[in-house]
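Biologist: I would like to learn how to read a protein model with care. Could you take me through it step by step?

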Amino acid sequence: GWRDWFIPANEMTKFRVAVDCGECSSGGQWGDNTAYYMTNAYFCPVNIDSGGCVANSGFDLREDVMCNVCDDDLALCGDGHGHEGGADTGAWCDCYALQLSADHLTTDAHKHYCQEDLNWRPNLVIDRSQCTCYKPLDKEVKTYHKVKLAEIPYVKETFKHEIVSKLGLYVDDLIRWEGDKDSSDIDCDDQYTYLSQEDFVHGTYRITECGNYVLTEDIVVHFNEPSSTFSYENGDSPNAYAMDDLPWYPTTDQQESGQYFGLNAFWGPFSLGFFAGISIETSYVDIDLNGHSIGMAPEFYLQQRFFSLIELANRPFAPGKGAANWGWIEHYASNVVVQDGSLGLTSHHCLHGNFLNNVLVSNVQMSQFDVAGFGCGQCVKVELRDLDVGPQHQTIPVLGRYTHARAFLPRIQALVDHYGTEYMTFADREPILVTDLADRLVTQMDMIYNHVINGVEYDDDEEEWAETKALFYNPTGWMDGGSSYGLLIGGDGAQVVGIGARHSGTSDVTISNVEIY
């Protein structure tokens, strides 16, 4: 809960809540020990919450989380406000501003907080719609910390107008708005970083500081490649799951450090592995390809099926969109230039982004992409000029099911660890041990890997190879189960359904001297 999670707090700290961050008030149920929490659906792709408060005679309403007050006026399946001072029914089923005790217990077991039960986490929001207040008691020993002004992080300007002009809220003079960056002590135009192959060995090159980034050589992306070549003759498995660090994925240390979080947690920006060669997570960035190229190594292309060479954000999609739960910390690029070079081979996009603002892509060749050369959703002031887009990759070796299988490997490990000795039953088939089923999937993944990468030819009469081809092999080489584009300009949301229907939030896009083939 808040008392454990919030570092400055101790057993004597008071907690109150403030709707619209206007006034710190005691909670109606928990008094001066009230804090805000969010429920599962805001950090997990679940739909397991039961609606309403079940109040029985003699039952303490405070003990039923559904009976606690929800200050979220836009609750996912209602109008918010749950139980309020005597009402015995609640209208919400998901809430990002749920009043609970500051000592309320949470769980760190994934199957509980993401799979089985209604659960919650301490909540902080960026739009000042709700705030949790804290106050040390008088007899607490006060601790002071000195912080340099340059170390204070910039505040995003998304709600600046509402905070300052509409609500007239107090803003301390020490607050540094993100838009002040270019006039502060950092001159982005004078910042130069030169990138070489050495910068692309262990994972996505994450750009979090403004400036100019210049390639000095062609880049072949092959993150965390195996230390030795897999030998088909020796029975090596490129898709083995029973190990601490899976090849081509973020290592355990990289995940725990927060640098590439998500794979083993099954949520977060890197929950499907490395999603980009370069991620631009700030504003005022100039990528100068300098006549060079960026592309995936063939092995990495096969094993990392969800990937953009350059992603203009800190995650592939907005929260609640796309193929996974990416978490809720968002950084989208603005005032960005990408120019003068080549992009391809890639298993998804050459260049991709959402919520872009003032982006120029100039004199770039994009080719050998599975999905699109350039794709963006909800983009404003985007200029695409002097581009050569195509051809699309026409020898895609595997079907979409191989993408799913690769993404499933960390989950297979968890499945075998918890249920490996149990049997799984299918209709009209004999029960099979979970471990045996997992191992058979890996065997077939290894067969397709060795066929594609090492040129191993199997007997067409071999039953396992026949099953492997039916499951994974792409006989046409064309995109499987989806659409491909040269340029994809869409609105809000993932551009996977309702083609042409999603266009809100996109404006002022200029395309000139672009050839697509």
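Modeller: What follows is a short conversation about burial, contacts and surface charge.

Modeller: This is a predicted model, in which local features need pLDDT of at least 70 and side-chain atom pairs count only at pLDDT 80 or more, while totals for chains, interfaces and linings use all residues. Residues are numbered from 1 along each chain as its sequence is written, and side-chain values use heavy atoms, with hydrogens and water left out.

Biologist: How many helices and strands are there in the protein chain?

Modeller: Helices (H or I, at least four residues) and strands (E, at least two) are DSSP runs, numbered from the N terminus. The protein chain has eight helices and 22 strands.

Biologist: Is C350 buried or exposed?

Modeller: Buried means under 20% relative accessible area, exposed over 50%, and partly exposed in between, with a 1.4 Å probe and protein chains only. C350, which lies in strand β15 (residues 349–354), is buried because its relative accessible area is 0%. Across the protein chain, buried residues make up 46% of the 517 residues.

Biologist: Which residues is C350 in contact with, leaving aside its neighbours within four places in sequence?

Modeller: Contact means heavy atoms within 4.5 Å. With those neighbours left aside, the contacts of C350 include S308, L309, M366 and F369.

Biologist: And where does E217 lie?

Modeller: E217 lies in the loop between β8 (211–215) and β9 (219–221), and E217 is partly exposed, with a relative accessible area of 31%.
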